[in-house]
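I opened the notebook to look up a metal site and one helix, and I wrote down what I found in the order in which I checked it.

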Amino acid sequence: MKRLAMVVGVAVLLVIGVLISRTLMHAPNSTEIVEKLTIEIDVAEAAQHLSEAIRYVTISHQSEADIDRAAFQDFIDWARITYPEVHQQLQLQRLNDTLLYRWQGRDDTLQPILVTGHYDVVPVIPGTEEKWQHPPFEGVIDNGVIWGRGALDDKSGVIGLFEAAELLLRQGFQPERTIYLSFGHDEELGGTNGASEVAGLLKSEGVQLAWTLDEGSFLLSKMLPGVDPLVATINVAEKGSVTLLIVAKADGGHSSMPPKNTAVGILAAAIVRLEDNPVPGGLSGLSAQMFDEISRYMPFMPRLLFANQWLFSRLLDNQLSSLSMTNAMLRTTTAPTMLSGSIKTNVLPIEAIAAVNFRIHPRDSVQDVIDHVRKAVESDVVEVRVPEYGGRAASEVSDWNSEGYAVIARSTREVYGEVVITPGLMIAGSDTRHYGKVADNSFRYNPFVVTSEDLTGFHGTNEKITVDNFAQGIRTYIQILKNGSGR
Ligand SMILES: [Zn+2]
């Protein structure tokens, strides 16, 4: 007995030893030492330019008739005057209101790159105007903060790139590799008349880009509990989307004499089944890489879990799946959004219908999701209808060991110093779904810092950016253009 207790004791000590030593080894990866650079720019002038850009009401309304085309033309005219070197030295092609600039490189044998953003913005939700501390389209600069729609999404990206290019041209910089700059006018409507046209044009000219950089994630400040440094997630993929209709059928009739199972009851049960049976996911591939990188900076206890997935993978999976933000990184998500049933309170419906939106993880195809849903809910009385357009697959996953990724990471470190850099997954859509067709690799990342407070500004209220933050982003764009256009 005593011997057995001793054996168990030694085994427990051994396991604890393994857990701790693996945790200690799960430390930040040694990154290439990058020298932080001092990059002189005229910060006040740049802030003024962003402020002016915000004043053009370039809203992408859902209905074409509501769009103020003159505002887009005015913005384009303003850019021509504000960035004279860009317009003198680069070749401009206009595709509808999207602007494509070609910056000729010295060496035509090198594959070009494309850096892009969009200058259209979403409307301000009617009734929320009063909630803005400064009006959304006046570009007020108050106490070092630039206010207005587009301050983060994505006029800061477009103006940031204009500023970077103008400054480099003034300094006589000439790229080795050809650079394309593209500024979209309809990203918020899917980019069908802008980015899609640009991709089509490049394809017709036989251009295959080495890589592209578009809007995406940001440098996240204090958004992950216990992680102190800024976390730059460079998104290497974006999720797809499909909306399926779940249709429950039953006999109709008068509501005074309902059957035991009504269409609505059957539908409700089907939705609960779907929520209880999420599309399988977990810490593999891109998600694994991302959490592996970030967890190295976490406090001891969560670090212990990530460092010892041989023991804690289930626990981790449960924990990450229980939070909506991390769950969305791990799997295809299930979101019932719209319901319809009877047209009258005393009439039983013969069909009750739910629209369920799935955001597709790169590991799943649209068909995988349809198969999963059919298996979970389809029966004699429940039908799964697939929309005619079929849904949009997730993007390819770009290589985070490639040159473009390294350029973006290095440029970020040159400006921000020590930063956690990790590949990430974009949950929303971007114009890159079009550009990806003519590029070896595509990245989605804005080199500006955001806090959780800033998140409400995206498509919401009180969108703003500090002047200092905007300036750091411009510096990073300068480095991305310089480093990216080299050999
Ligand atoms: Zn955007």
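I began with Glu 215, whose relative accessible area is 10%, under the 20% cut-off, so I noted Glu 215 as buried. I keep in mind throughout that this is a predicted model.

Next I looked up which atoms hold the zinc ion, and found His 118 through NE2, Asp 153 through OD, and Glu 215 entered twice through OE, at 1.9 to 2.6 Å from the ion. The angles among the four donor atoms run from 53 to 150°, and I recorded the site as irregular.

I then checked the spacing of the donor residues along the sequence, which reads H-x34-D-x61-E. Asp 153 lies in the loop between β5 (145-147) and α5 (155-170), whereas Glu 215 belongs to strand β7 (residues 209-220), so that the pair, 62 residues apart, links distant parts of the chain. For Asp 153 I read a relative accessibility of 9%, and it therefore counts as buried.

I turned to helix α6 (residues 195-204), where I listed Ala 195, Val 198, Ala 199, Leu 201 and Leu 202 as buried. Seen down the axis of α6, these buried residues fall within an arc of 160°, so I noted that they line one face of the helix. On the other side of α6, I found Lys 203 and Ser 204 exposed.

Asking what the buried residues of α6 pack against, I found β1 (91-95), β2 (98-103), β3 (113-118), β6 (179-184), β7 and α14 (432-435). Last, I noted that Gly 206, just after α6, takes a positive phi of about 75°.

Notes: Residues numbered from 1 in each chain as written. Predicted model: local features only at pLDDT ≥ 70, side-chain atom pairs only at ≥ 80, totals over all residues. Heavy atoms only, no water. Donors = N, O, S within 2.8 Å, 3.2 Å for Na, K, Ca; no water. Tetrahedral: all angles 85-135°; square planar, octahedral: opposite > 155°, others 65-115°. Helix = DSSP H or I, 4+ residues; strand = E, 2+ residues; numbered from the N terminus. Buried < 20%, exposed > 50% of the residue type's maximum accessible area, 1.4 Å probe, protein only. Arc of directions from axis to C-beta. Contact = heavy atoms within 4.5 Å.
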